[in-house]
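Work through the exercises below with the model open. Try each task before reading its solution.

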Amino acid sequence: MRFYNPLYTRKWTKMFSPVSTFVTQLSKQLGLQTLFLGKDLSNEFLINTDTMPNGHVNKSTPNNNDSNSLSTFFSSMNFSFRPRSPSKTSYGKQSRQSSSSKTTKFYKKNRNQNIKQTENNSIYHQLNIHTINDENNNNKTLNETNQNSVIINIPPETSSQSNDDTDKFIFTFEHFLWILILTLCYFTWFIFIAGISIIHIVLYSIIIFLYFLSDRTRRFALAILVYLTYLLLYDALHLVPNYTVSKVHILDVYLIEKKFFGIYKNGHLMTLNEYFRLNHIPILDIISGLCYLSWIPIPVAYSLYLYRYKSKRDYADFAFTFLLTNICGFVVYYIIPAAPPWYIELYGFNMNMKAPGSPAGFIHFDQITGIKIFSSMYSKNANVFAAIPSLHAAYPTITVLYGSLSKKLWLHIGFVFFTFGVWFSAVYSGHHYVIDVLAGGTCAVTAYTLYRLISRIPTINRLLVAYSKLI
């Protein structure tokens, strides 16, 4: 017979006592002996743990002449198994494999002095069976372990259950083949199409070195490929200039800016860029220059913080949102090519396709510090007519959107101030209008929302999970 594991032992003991008394008396009158597996169980109890799903004890039948032996067994036995949880599976139809696994999980969680584990993956659970009576009514105490214990064999841990969270990298022919193919594509692109430079060779050498150095550096190299993809896309903008695709907007953007965000100075309506050009302050030149130099380092550093101290999925979400923001910005560059504010100051409203980049208001930062950092930076600008949207304003906005992942309020607030600092610096320096900054923030929010929607697609989500495990 199968006994239900009671939630309250005393209650079920009282219920089973009359039944057990009747059964034992009937067996005594009929002269029957209870045999199990061809053995006389007059002095011991055998409990089959293979059929104990969630705490059910199967086939525990004593053979005694005493009418109270079965009730004594239930009253003296402390069940340490968990009560059965509700399940749609009918009683007695659970497979042996599932029941064994459930019992094993329970014994791992049940920590008390009566449980011990041996080296051969066996667990002994000592049952509190005090005394039983033999046919001569002589009390015997079963103190031996093999008579009072339940032995559970734990299957060896499989590879899927392994706690090792790092897969050892094995150098196979397939790895080398893929690396060879990607290397050929990389150098073919830069040598014959985009134009190769020393920076491209250095980046490739660093990635390959990290990939083969160790398992940890290999994961890091695969993680930063997202940012390497951004650099390659940005570097490729000069292959097809946006002013060759669409008409460059110069005058209309200037008039819109003056209409919505213009200010009056001595009765003359001017943009904020024109006002700051006439009224610049040295301390603001330094602060704005430092903020503008941090537009990429701080977001990237924060993503690496997520990679190191938070989850890899958080890093992947941030990095792919960053990449998607750039893609959205590049698309708008080709739809609405726009001249920056400093362009009107130097060239007016005429179109000059060969106009080089300019540091604009940041020239004051170079003069104060004595370091020509902005002059050298903007002299190599890849695209002059890429003012809308302002990616300088978009990147800090991403840190605000993902700032809650740090679980640090002060850092999240710091990202808000950092974002407004970069936005102010973009307008103060004459590199962007206010509408450019707002368009950049909108671009970041749009990319963030679009990524959240795309990541919910089952196929995309599985790829993201796989990539998170890979890095």
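The exercises that follow cover cores, single residues and helix packing in this predicted model.

**Exercise 1. Describe the largest nonpolar core and say where it lies between domains.**

Solution.
- Step 1: Size it. The largest nonpolar core has 43 residues.
- Step 2: Find the residues with the most contacts inside it. They are Tyr230, Tyr302, Tyr315, Phe318, Leu391, Tyr395 and Ile471.
- Step 3: Find the main contributor. Helix 13, residues 312-335, gives the most to this core, with ten residues.
- Step 4: Place it. Domain 1 (171-242) and domain 2 (246-470) both supply residues, so the core lies between them.
- Step 5: Look for another. A second, separate core of 16 residues includes Val248, Val253, Ala355 and Val384.

**Exercise 2. List the contacts of Tyr395, leaving aside neighbours within four places in sequence.**

Solution.
- Step 1: Apply the sequence filter. Tyr395 is then in contact with Tyr230, Trp295, Ile296, Pro299, Phe322 and Asn326.
- Step 2: Tie this to the core. Tyr395 and Tyr230 are both among the residues with the most contacts inside the largest core.

**Exercise 3. Which residues of helix 8 are buried, and which helices do they pack against?**

Solution.
- Step 1: Pick out the buried positions. In helix 8 (residues 225-235) these are Val226, Tyr227, Leu228 and Tyr230.
- Step 2: Identify the partners. The buried residues pack against helix 6 (198-213), helix 7, helix 12 (297-309), helix 13, helix 17 (391-401) and helix 20.

**Exercise 4. Classify Asn273 and Ile460 as buried, partly exposed or exposed.**

Solution.
- Step 1: Locate Asn273. It sits in helix 10, residues 272-278.
- Step 2: Apply the cut-off. Buried means under 20% relative accessible area. Asn273 has 4% relative accessibility, so it counts as buried.
- Step 3: Check its surroundings. Not counting residues up to four places away in sequence, Asn273 touches Glu257, Pro341, Val427, Gly430, His432 and Tyr433.
- Step 4: Turn to Ile460, in helix 20. Its relative accessibility is 29%, so Ile460 counts as partly exposed.
- Step 5: List the partners of Ile460. Beyond neighbours within four places in sequence, Ile460 is in contact with Ile454 and Ser455.

**Exercise 5. Describe how helix 7 and helix 20 pack.**

Solution.
- Step 1: Read the geometry. Helix 7 (residues 215-223) and helix 20 (residues 458-470) pack at about 140°, with axes 9 Å apart.
- Step 2: Name the arrangement. Angles over 145 degrees count as roughly antiparallel. Helix 7 and helix 20 are therefore oblique to each other.
- Step 3: Assign the contact. Helix 7 uses Arg219, Leu222 and Ala223; helix 20 uses Tyr467, Lys469 and Leu470.
- Step 4: Sort by character. The contact has four nonpolar, no polar and two charged residues.

Key. Residues numbered from 1 in each chain as written. Predicted model: local features only at pLDDT ≥ 70, side-chain atom pairs only at ≥ 80, totals over all residues. Heavy atoms only, no water. Core = buried A, V, L, I, M, F, W, Y, C linked by side-chain atoms within 4.5 Å. Buried < 20%, exposed > 50% of the residue type's maximum accessible area, 1.4 Å probe, protein only. Helix = DSSP H or I, 4+ residues; strand = E, 2+ residues; numbered from the N terminus. Domains from an automatic or database assignment. Contact = heavy atoms within 4.5 Å. Axes fitted to C-alpha atoms, helices over the stretch in contact; angles between N-to-C directions. Parallel < 35°, antiparallel > 145°, perpendicular 65-115°, else oblique. Nonpolar A, V, L, I, M, F, W, Y, C, P; charged D, E, K, R; others polar.
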